[in-house]
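This report walks through one structure, starting with its strands and ending with how far the coordinates can be trusted. Please keep the sequence and the model in view while reading.

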Amino acid sequence: MMKAMLLAGVAGLLFQVMPASAHHAFAAEFDAKKGIKVSGTITKLEWTNPHAWVYVDVKDESGKLTNWSFELGSPNGLIRHGWRRTSLKEGDQVTIEGFAAKDGSNTANAHSVTLPDGRKVFAGSQGPDEGPAK
C-alpha cells in the first residue's frame, strides 16, 4: 500500500513537470530587436497547448506569397483576453505585429493581431515588455 502511494506521488510530480519542460522562454527563439508587422490572409489556426499558432500568407512587393507562422499565447490565456476558437478563420485578412525568430525563418511571436473588423487584440503570448519595434 505504501509503495503504491509513493509510486502514485512520484508519477503525479512527473506529470506536473513535463508540460513545463516543453515550454520555452521568449528569448530562446525570438529577437526583441526584430519587430515585424505583416498583413495577409489566414491559412490555418492551431488551437493547441502550450501555444496556439496562426499561419498567414503574406504577399511581398513582387506579389510572391510567403507563409508565416505566428506563435500566440495559450488557448486558456487567449480566452481570458476575449478570444474564441472562432475569432480567426481561414481566409480572414489580418495584420499581425510581433517579433521575428532568431533563426531567420518565417516564424514570429505575435504581440497583437488586428482583426478583420479593425479591432486590435493582444495575442496573449509572452514577449518583451516594450512591445514590438516599429
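Is strand 2 (residues 53-59) mostly covered or mostly uncovered, and how many of its 7 residues are buried? In this predicted model, strand 2 is mostly covered, with 5 of its 7 residues buried.

**Overall fold**

The protein chain holds 3 helices and 6 strands, and along the sequence these follow the order α-α-β-β-β-α-β-β-β. Of the 134 residues in the protein chain, 36% are buried. Among contacts with a separation of 6 or more, 55% join residues that are 24 or more positions apart.

**Strand pairing around strand 2**

Strand 2 pairs with strand 1 (residues 30-46) and with strand 3 (residues 65-71), as the table sets out.

| Strands | Sense | Bridges | Residues between them |
|---|---|---|---|
| Strand 1 and strand 2 | antiparallel | 5 bridges | 6 residues |
| Strand 2 and strand 3 | antiparallel | 7 bridges | 5 residues |

Each of the two pairs forms a hairpin. Val54 of strand 2 can be followed across both pairings, since it stands opposite Leu45 and also opposite Phe70 in strand 3.

The connections on either side of strand 2 have backbone details that merit a look. In general, most residues other than glycine have a negative phi, and most peptide bonds are trans. In the loop between strand 1 and strand 2, where Pro50 is found, the peptide bond from Asn49 to Pro50 is cis, with omega near 5°. In the turn of the hairpin formed by strand 2 and strand 3, Gly63 has a positive phi of about 95°.

**Rings and the nonpolar core**

What is the geometry of the aromatic pair formed by Trp68 and Phe70? The count comes to 1 aromatic pair, and in this pair, formed by Trp68 and Phe70, the rings are stacked, at 6.0 Å centre to centre and with 25° between the planes. Trp68 is buried because its relative accessible area of 14% falls under the 20% cut-off, and Phe70, at 0% relative accessibility, is likewise counted as buried. A charged side chain also meets a ring in this model, as Lys44 lies over the face of Tyr55, at 4.9 Å from the ring centre.

Phe70 appears again in the largest nonpolar core, which has 23 residues and in which Phe70, Leu72 and Val113 touch the most other members. Strand 1, strand 2, strand 3, strand 4 (93-101) and strand 5 (107-114) each supply at least two residues of this core. Beyond its neighbours within four places in sequence, Leu72 is in contact with a set of residues that includes Leu45, Val54, Trp83, Val113 and Ala123. Both Leu45 and Val54, which stand opposite each other across the first hairpin, are thus among the contacts of Leu72.

**Confidence**

The protein chain averages a pLDDT of 81, and 75% of the residues score at least 70. Confidence is highest in strand 2, at a mean of 97, and lowest in helix 1 (residues 2-22), at 43. Over residues 4-23 the pLDDT stays under 50, and the model gives this stretch 3 contacts beyond four places in sequence. Residues 130-134 also have a pLDDT below 50, although this stretch has 12 contacts beyond near neighbours in sequence. Where pLDDT is low, the predicted coordinates should not be read in detail.

Notes:
Residues are numbered from 1 along each chain as its sequence is written. This is a predicted model: local features need pLDDT of at least 70, side-chain atom pairs count only at pLDDT 80 or more; totals for chains, interfaces and linings use all residues. Side-chain values use heavy atoms; hydrogens and water are left out. Rings of Phe, Tyr and Trp (its six-membered ring) pair if their centres lie within 6.5 Å; planes under 30 degrees apart count as stacked, over 60 as edge-to-face and the rest as tilted. Buried means under 20% relative accessible area, exposed over 50%, partly exposed in between (1.4 Å probe, protein chains only). A charge sits over a ring if NZ of Lys or CZ of Arg is within 6 Å of the ring centre and within 35 degrees of the ring normal. Helices (H or I, at least four residues) and strands (E, at least two) are DSSP runs, numbered from the N terminus. Two strands pair if DSSP finds at least two bridges between them. A nonpolar core is a set of buried Ala, Val, Leu, Ile, Met, Phe, Trp, Tyr and Cys residues joined through side-chain atoms within 4.5 Å. Contact means heavy atoms within 4.5 Å. pLDDT is the predictor's confidence in each residue, from 0 to 100.
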